[in-house]
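Grab a coffee and open the viewer. Below are some exercises to work through, each with its solution spelled out step by step.

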Amino acid sequence: MTTIDGDAPTPVFVSVRPHVRESATGASDEKAERLAMPESGPLVDRYGRIHNDLRISVTDRCNLRCVYCMPEVGMTFQPRDALLTFDEMIRVARVARELGITAIRLTGGEPLVRKNLPSLVQRLSALGFDDLALTTNAMLLTPMVTSLKDAGLKRVNISCDSLKPDRFNSIRRRGDLQTVIEAMAAVEAAGLTPLKLNVVILRGQNDDEILDFAAFARETGRVVRFIEFMPLDAQGKWDNSQLVSGREIFELISARWPLEAIGNHNSAPAERFAFVDGQGEIGLISSVTQPFCGTCNRLRLTADGAIRNCLFSDDEHSLRDLIRDGADDDVIALALRRAVWEKYPGHAINEPGFLSPTRSMSMIGG
Ligand code: SAM
Ligand code: SF4
């Protein structure tokens, strides 16, 4: 299936920056290099990780300017004709589905600023994925939530980093808290439950709200997921002193309301914890201090059509160029297979000399 014939464009992969050289299972890269890439079966990398989750960034643009993601002014965006069309996204998704991708998450930038998103959701839904989810800042969500649900959307994550209006404004710089709170209710009224909230905790900015967010989870039944600040801000200002670790968050909350681990980590990034008294759930996404690379099952498609196997690796390949050069489905499938196969065992944030990726979170798709 995956031989490349005639003049079909050939995917070329360049390793830009080395990542961690030892795999989570202890196998060396040298041994992994000796394995041959399978030409059929699931999308698997050299370390045996099977990939079934595709994040599609539908735009790199956004209506907010969160301090941990974008500068207040001066962010540049891709020209519109550089972005994948919905037809091109559906093409990639269809091929990915045939290779074993079962879950799709739409993200960005802010996915709801892309026109006609429900029509994309409807077309993805028709392909029959087990899971079809959206991550959004929710500023435009309330009027669209019913059409998104009717189109086949199954789950929503809303990002919200403060429960105080002024604080919300200083972290997100645009938008307002009230609109986001109303969107939470609209999501639940549409039956898209349980609602998950993404909260990036920054030292000195909103770390005094950790218990408030835990209380919010207890009162509302919404699953609050605390995310460690990652070196993916476009300004390149990340440093360890701003990071509040998942461990610190756990200790603070559990001292007030005891927690117990639920489920197993599997490939989900969040470690899940229930309040022992049965009043709700939180999640910890400790990407920096406790990387979950060993069980990572994710691939990303950037808004400009590059396939990327890791947030922290600059290795990517343009499926858009393949598609626009007339590649057939086998060539796209091979590019997806190669992207997964080439994946490094882990990120190197905690290694000396780590350099942030050249593309930031909103350019890649969070
Ligand atoms: N605009 C949408 C939103 O904010 O939900 C979707 C895209 S956003 C890039 C996806 C997620 O990445 C959000 O939950 C956001 O808080 C998170 N994020 C952005 N930059 C981050 C960073 N440097 N470290 C950790 N999380 C970050
Ligand atoms: Fe926009 Fe989301 Fe980045 Fe905030 S985190 S600036 S909402 S893309």
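Two strands count as paired if DSSP finds at least two bridges between them. Keep that in mind for the first exercise, and remember throughout that this is a predicted model.

**Exercise 1. Trace the pairing of strands E9, E10 and E11.**

Solution.
- Start with E9 (residues 259-262) and E10 (residues 271-275): they run antiparallel and are joined by 4 bridges.
- To fix the register, look at Leu259, which stands opposite Phe275 in E10.
- Now move on to E11 (residues 281-285), which pairs with E10 in the antiparallel sense, again through 4 bridges.
- Here the register can be read from Phe273, whose bridge partner in E11 is Ile282.
- Finally, check the turn: the hairpin of E10 and E11 has 5 residues between its strands, and Gly278 takes a positive phi near 85° there.

**Exercise 2. Work out whether strand E4 is enclosed or open, and which strands it pairs with.**

Solution.
- The cut-off you need is that a buried residue has under 20% relative accessible area.
- In E4 (residues 103-107), 5 of the 5 residues are buried, so the strand is largely enclosed by the rest of the structure.
- Take the two faces separately: Ala103, Arg105 and Thr107 are buried on one side, and Ile104 and Leu106 are buried on the other.
- Next come the neighbours. E3 (residues 53-57) pairs with E4 in the parallel sense over 5 bridges, and Asp53 has Ala103 as its bridge partner in E4.
- Between these two strands the chain passes through helix H2 (residues 86-98), and this β-α-β crossover is right-handed.
- E5 (residues 131-136) also pairs with E4 in the parallel sense, over 4 bridges. Ala103 turns up again, with Asp131 as its bridge partner in E5.
- The link from E4 to E5 involves helix H3 (residues 117-127), and the three elements make a right-handed β-α-β unit.

**Exercise 3. Describe the surroundings of ligand 1.**

Solution.
- Begin with the shell: there are 20 residues around ligand 1, and Tyr68, Gly109, Ser159, Asn198 and Met230 come nearest.
- Sort the shell by class and you get 7 nonpolar, 9 polar and 4 charged residues.
- Ask which strands contribute: E5, E7 (196-201) and E8 (223-228) each supply at least two residues of this shell.
- Then go through some polar atoms. A backbone N or O atom of Tyr68 sits 2.9 Å from a nitrogen atom of ligand 1, and a polar side-chain atom of Glu110 is 3.1 Å from a nitrogen atom of the ligand.
- For an oxygen atom of ligand 1, look to Thr136, which has a backbone N or O atom 3.3 Å away.
- How much of ligand 1 does the protein cover? It covers 95% of the 540 Å² of accessible area that the ligand has on its own.

**Exercise 4. List the shell of ligand 2, then follow Asn137 out of it.**

Solution.
- Ligand 2 is surrounded by Cys62, Leu64, Cys66, Tyr68, Cys69, Gly109, Asn137 and Arg172.
- By class, that shell splits into 5 nonpolar, 2 polar and 1 charged.
- Asn137 belongs to the loop between E5 and helix H4 (145-151).
- With a relative accessible area of 4%, Asn137 is buried.
- Its side chain makes a polar contact of 2.9 Å with the side chain of Asn63.

**Exercise 5. Place Lys164, Glu228 and Ser245, and decide for each whether it is buried or partly exposed.**

Solution.
- Lys164 is in the loop between E6 (155-159) and helix H5 (165-172). Its relative accessible area is 36%, so call it partly exposed. Its C-alpha is 9.0 Å from that of Glu209, 45 residues apart along the chain.
- Glu228 is part of E8. At 1% relative accessibility, Glu228 is buried. Ser286 is 58 residues apart from Glu228 in sequence, yet their C-alpha atoms are 5.5 Å apart.
- Ser245 sits in the loop between E8 and helix H8 (246-256). Its relative accessibility is 17%, so Ser245 counts as buried. A polar atom of the Ser245 side chain lies 3.1 Å from the backbone nitrogen of Glu248.

Conventions:
Residues are numbered from 1 along each chain as its sequence is written. Chains are lettered from A and ligands numbered from 1 in the order in which they are written. This is a predicted model: local features need pLDDT of at least 70, side-chain atom pairs count only at pLDDT 80 or more; totals for chains, interfaces and linings use all residues. Side-chain values use heavy atoms; hydrogens and water are left out. Buried means under 20% relative accessible area, exposed over 50%, partly exposed in between (1.4 Å probe, protein chains only). A crossover is right-handed if, with the strands pointing away from the viewer, the path from the first strand over the helix to the second runs clockwise. A residue is near a molecule or strand if one of its heavy atoms lies within 4 Å of it. Ala, Val, Leu, Ile, Met, Phe, Trp, Tyr, Cys and Pro count as nonpolar, Asp, Glu, Lys and Arg as charged, and the others, Gly among them, as polar. A polar contact is a pair of N or O atoms within 3.5 Å; within protein, one must be able to donate a hydrogen and the other to accept it, and residues adjacent in sequence count only if both atoms are side-chain atoms. Accessible areas come from the Shrake-Rupley method with a 1.4 Å probe; for residues, only the protein chains shown count as cover.
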